[in-house]
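Here is a short tour of one protein chain, written to be read with the viewer open. Feel free to rotate the model as you go.

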Amino acid sequence: MIKSFFQGPWTGKHIWTLILAFFGAVIVANMVMIYFAVNTFHGVEDRDAYAKGRDYNQVIAAGAAQRRLGLDAVLAHRLVEQGGGDAVAVSLTLADAKGAAVPSLKPVLTLRRPSEATLDRTAAMVEPMPGRYTATLDVPKPGKWEIRITAEHPDGTALRWDKPVVLAP
């Protein structure tokens, strides 16, 4: 049938069939792409991403207030074996501008998965010695993570430290 379609002189029927086939293929391809665009992961995990973007000047101001305190923070992490699975041990050592330890902050550790908010983990950090805070959280799966530590300085300044990490057992 196809061989007979292309033999002989080209008529309006041939041209019309080729035009319909071309535009039909384009429409089908667009419909497939629309389906996957609407029904697959869109990359936004935050429900209020617009509000966070709009209020970003407040984040910048909070960072400037934290820098004015002159804190020297050392954030370290290491993978450990815990309960038959992998975990990450995080430590934060804080000193003020004069080098003195900053005690009694009660920081909170959050292990964030940028692409899957359902895997996020949170734990309160303990202070085994003044100015040094530690916590351990399980790592549900390897890959890119973000270690976030938040606390409040005695003067009321909100403190936050972020560290992107790749955790691979």
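## Arg113 and its surroundings

Let's begin at Arg113, which sits in the loop that runs between strand E3 (108–112) and strand E4 (121–124). Keep in mind that this is a predicted model. Is Arg113 buried or exposed? Its relative accessible area is 10%, and because buried means under 20%, Arg113 counts as buried.

What does the side chain of Arg113 reach? It comes to the backbone oxygen of Pro142, at a distance of 3.1 Å. Pro142 also appears in the list of contacts that Arg113 makes once neighbours within four places in sequence are set aside. That list reads Leu119, Asp120, Lys141, Pro142, Gly143, Lys144 and Trp145. If you would like to look at one part of it, try Gly143, Lys144 and Trp145, which are among these contacts and fall in strand E7 (143–152).

## Two positive phi angles between E2 and E3

Next, please move to the loop between strand E2 (85–95) and E3, where you will find Ser104. Ser104 is not a glycine, yet its phi is positive, at about 60 degrees. With a relative accessibility of 56%, Ser104 counts as exposed.

Lys106 belongs to the loop between E2 and E3 as well. Here too phi is positive in a residue other than glycine, with a value near 60 degrees. Lys106 has a relative accessible area of 72% and is exposed. The cut-off for that word is over 50%, so the 56% of Ser104 and the 72% of Lys106 both earn it.

## Thr157 and Asp155 in the loop before E8

The loop between strand E7 (143–152) and strand E8 (158–167) holds Thr157, and Asp155 lies in the loop between E7 and E8 too. Which side chains are joined by a polar contact of 2.8 Å? They are those of Thr157 and Asp155. As for accessibility, Thr157 is buried at 15% relative accessible area, whereas Asp155 is partly exposed at 48%.

Apart from residues up to four places away in sequence, Thr157 touches Ala65, Gln66, Leu69, Ala151 and Glu152. Leu69 is worth a second look from the side of Asp155: the two residues are 86 apart in sequence, and their C-alpha atoms are 9.7 Å apart in space.

## The chain as a whole

Now zoom out. How many helices and strands does the chain have? There are four helices and eight strands, and along the sequence they follow the pattern α-α-α-α-β-β-β-β-β-β-β-β. The radius of gyration is 28 Å, well over the 15 Å that the globule rule gives for 169 residues, so the chain is more spread out than a compact globule. Along the principal axes, the C-alpha trace spans about 95 × 45 × 20 Å.

Of the 169 residues, 25% count as buried; Arg113 and Thr157 are both buried. Among contacts with a separation of 6 or more, residues 24 or more positions apart account for 56%. The chain exposes about 11,600 Å², and carbon and sulfur atoms supply 62% of that area. Finally, for anyone thinking about electrostatics, the chain carries 19 positive and 16 negative charges, and the mean positions of these two sets are 8 Å apart.

Definitions and conventions. Residues numbered from 1 in each chain as written. Predicted model: local features only at pLDDT ≥ 70, side-chain atom pairs only at ≥ 80, totals over all residues. Heavy atoms only, no water. Rg over C-alpha atoms; globule rule 2.2 N^0.38 Å. Buried < 20%, exposed > 50% of the residue type's maximum accessible area, 1.4 Å probe, protein only. Contact = heavy atoms within 4.5 Å. Areas by Shrake-Rupley, 256 points an atom, 1.4 Å probe, with all protein chains shown as cover. Lys, Arg positive; Asp, Glu negative; His and termini not counted. Charge placed at Lys NZ, Arg CZ, Asp CG, Glu CD. Polar contact = N/O pair within 3.5 Å; in protein donor to acceptor, adjacent residues only side chain to side chain.
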